[in-house]
Amino acid sequence: MEKENISLLRYRGSKLNKVKELDIFPKLEETFKQKSSVGGTLSIISFLLIFWLIYSETVYFWDSKFVFKFTPDTDFNAKLKINVDMTVAMPCSNVGADILDSTNQNAFKFGSLEEEDTWFELASNQRRQFESERHFNSYLREEYHSVKDILWRNRYIHISQELPPRSEIPNRPHDACRIHGSLILNKVSGNFHITAGKSLSLPRGHIHISAFMSDKDYNFTHRINRFSFGDPSPGIVHPLEGDETIASQNMVLYQYFIEVVPTTVKTFLTTVDTYQYSVKELSRPIDHNKGSHGMPGIFFKYDVSALKVHVIQERENIGMFLAKLCSIIGGIYVCSSM
Ligand SMILES: *[C@@H]1O[C@H](CO)[C@@H](O)[C@H](O)[C@H]1NC(C)=O
């Protein structure tokens with residue numbers, strides 16, 4: 001037993017010596033080292049430099065960035081939720097809103113939007129809120145590229161609030177119709193429209209009955225408070241919200257061509273599946289005598305993009321970060337000692 005122990009110790013000692021022989025770093029005796037004021041200054045400078053670089057590297061590490069990826073959208077079973085709140089300058093008895101999609105199913109399949117008689121002119125308190133929302137939204141639309149990261153990071157959710165109740169009730173009959181609510185649609189292209197007359201569903205499509213209206217009853221002036229797809233989510237701007245269009249003629253056709261893009265925003269804390277959209281607007285007066293045919297009304301033609309956007313918050317690998325820190329400290333140390 002004793003013998004064994006001794007031999008083990010001896011063995012270990014000789015191995016350590018061998019490792020010492022492998023040391024390639026030059027060793028200087030203490031007496032040869034001389035401290036100088038230049039060296040001291042250099043040391044202070046390199047300490048400051050190391051400190052500053054570590055600081056900026058840490059800030060850079062903490063400051064995550066957003067990465068975009070595009071993939072084909074393979075989620076076939078998903079539904080498309082549409083949220084609408086808009087006011088048209090005609091009494092509800094004169095207008096009808098519905099949706100037709102490319103599966104030829106009528107809007108009544110998806111439920112219906114609420115219609116509520118109101119006045120087109122907003123009360124002063126409502127006007128104030130609408131104007132502020134409108135400014136805010138147009139600001140976001142213009143500055144989107146510079147602020148989108150901040151919006152996503154802060155999990156900022158802007159849900160356009162409902163307008164407050166009127167502060168004063170006008171003393172005249174209702175002249176407008178507020179159409180609002182959410183519908184769950186098939187995720188295919190479709191057409192949401194508001195036209196004159198109530199719609200009647202027939203086996204082969206549907207018609208709008210407006211026989212009792214004269215031309216001067218038509219007024220497709222409209223205001224959009226809410227127009228979005230999917231659930232509210234951070235950093236998504238809905239370009240149509242805050243839109244107000246005054247019709248100068250009775251028979252006008254407004255067309256909005258909407259491309260809906262499925263979007264997933266994945267931050268460190270949450271993942272949200274939602275939709276963004278872009279829109280092109282077109283309007284023309286309907287005058288059959290001048291060859292401008294069609295049906296007056298407000299048409300939202302939407303189409304769902306085949307590509308899905310993934311917005312992913314990413315941070316540098318922690319190992320990479322540590323390696324960078326070591327190389328900063330080591331690099332400056334070596335340079336300054338030279
Ligand atoms: C439609 O109604 C709006 C708001 O009440 C009004 O400003 C506009 O002049 C009307 N347009 C027509 C063609 O009557």
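**Exercise 1. In which loop is His238 found?**

Before starting, note that this is a predicted model, in which local features need pLDDT of at least 70, side-chain atom pairs count only at pLDDT 80 or more, and totals for chains, interfaces and linings use all residues. Residues are numbered from 1 along each chain as its sequence is written.

Step 1. His238 sits in the loop between β9 and β10. Strands here are DSSP runs of E with at least two residues, helices are runs of H or I with at least four, and both are numbered from the N terminus.

Step 2. Check its surroundings: His238 has 23 other C-beta atoms within 10 Å, so it is buried. The cut-offs are 20 or more other C-beta atoms within 10 Å of a residue's own for buried, 12 or fewer for exposed, and partly exposed in between, with C-beta atoms placed from the backbone.

Step 3. List its contacts, meaning residue pairs whose C-beta atoms, placed from the backbone, lie within 7 Å. Leaving out residues up to four places away in sequence, His238 touches Phe227 and Ser228.

Step 4. Look further along the chain: Val279 is 41 residues away from His238 in sequence, and their C-alpha atoms are separated by 9.5 Å.

**Exercise 2. Work out the order of the five strands in the open sheet and how they are joined.**

Step 1. The order is β4-β5-β2-β9-β10, with antiparallel pairing. Two strands pair if DSSP finds at least two bridges between them.

Step 2. Find the edges: β4 (114–118) and β10 (243–245) each have a single partner strand, so one side of each is left without a neighbour in the sheet.

Step 3. Add the twist, which averages 15° from one strand to the next. Axes are lines fitted to C-alpha atoms, for helices over the stretch in contact, and angles run from 0 to 180 degrees between N-to-C directions.

Step 4. Go through the pairs:
- β4 and β5 share five bridges, and Glu114 has His180 as its partner in β5.
- β5 (residues 176–186) and β2 are joined by ten bridges, with Lys81 opposite Ile184.
- β2 (residues 79–88) and β9 (residues 222–229) are joined by seven bridges, and Met86 is partnered by Ile224 in β9.

**Exercise 3. Is Cys177 buried or exposed, and what does it touch?**

Step 1. Cys177 belongs to strand β5.

Step 2. Count neighbours: 24 other C-beta atoms lie within 10 Å, so Cys177 is buried.

Step 3. Beyond four places in sequence, the residues that Cys177 touches include Thr87, Val88, Cys92, Glu115 and Asp117.

Step 4. Compare sequence and space: Cys177 and Glu114 are 63 residues apart along the chain, while their C-alpha atoms are 9.9 Å apart.

**Exercise 4. Contrast the burial of strands β6 and β1, and name their partners.**

Step 1. In β6 (residues 190–196), six of the seven residues are buried, so this strand is largely enclosed by the rest of the structure.

Step 2. β6 pairs antiparallel with β3 (residues 95–101) through seven bridges and with β13 (residues 297–304) through six. Thr195 links both pairings: it is the bridge partner of Gly96 and stands opposite Gly297 in β13.

Step 3. In β1 (residues 65–72), the number buried out of eight residues is zero, so this strand lies largely in the open.

Step 4. β1 runs antiparallel to β14 (residues 307–314), with eight bridges between them; Thr71 stands opposite Lys308.

**Exercise 5. Describe the shell around the ligand.**

Step 1. Residues count as near the ligand if their C-beta atom, placed from the backbone, lies within 6 Å of it. Among them are Ala89, Phe120, Asn219, Thr221 and Gln249.

Step 2. Sort the shell: four residues are nonpolar, five polar and none charged. Here Ala, Val, Leu, Ile, Met, Phe, Trp, Tyr, Cys and Pro count as nonpolar, Asp, Glu, Lys and Arg as charged, and the others, Gly among them, as polar.

**Exercise 6. What are the helix and strand percentages over residues 37–55?**

Step 1. The unreviewed UniProt entry places the feature "transmembrane region" at these residues, 37–55.

Step 2. In the model, residues 37–55 are 100% helix and 0% strand, and the C-alpha atoms at the ends are 27 Å apart.

Note on methods: UniProt positions renumbered as here; feature names shortened; annotations may be inferred. Contact = placed C-beta atoms within 7 Å.
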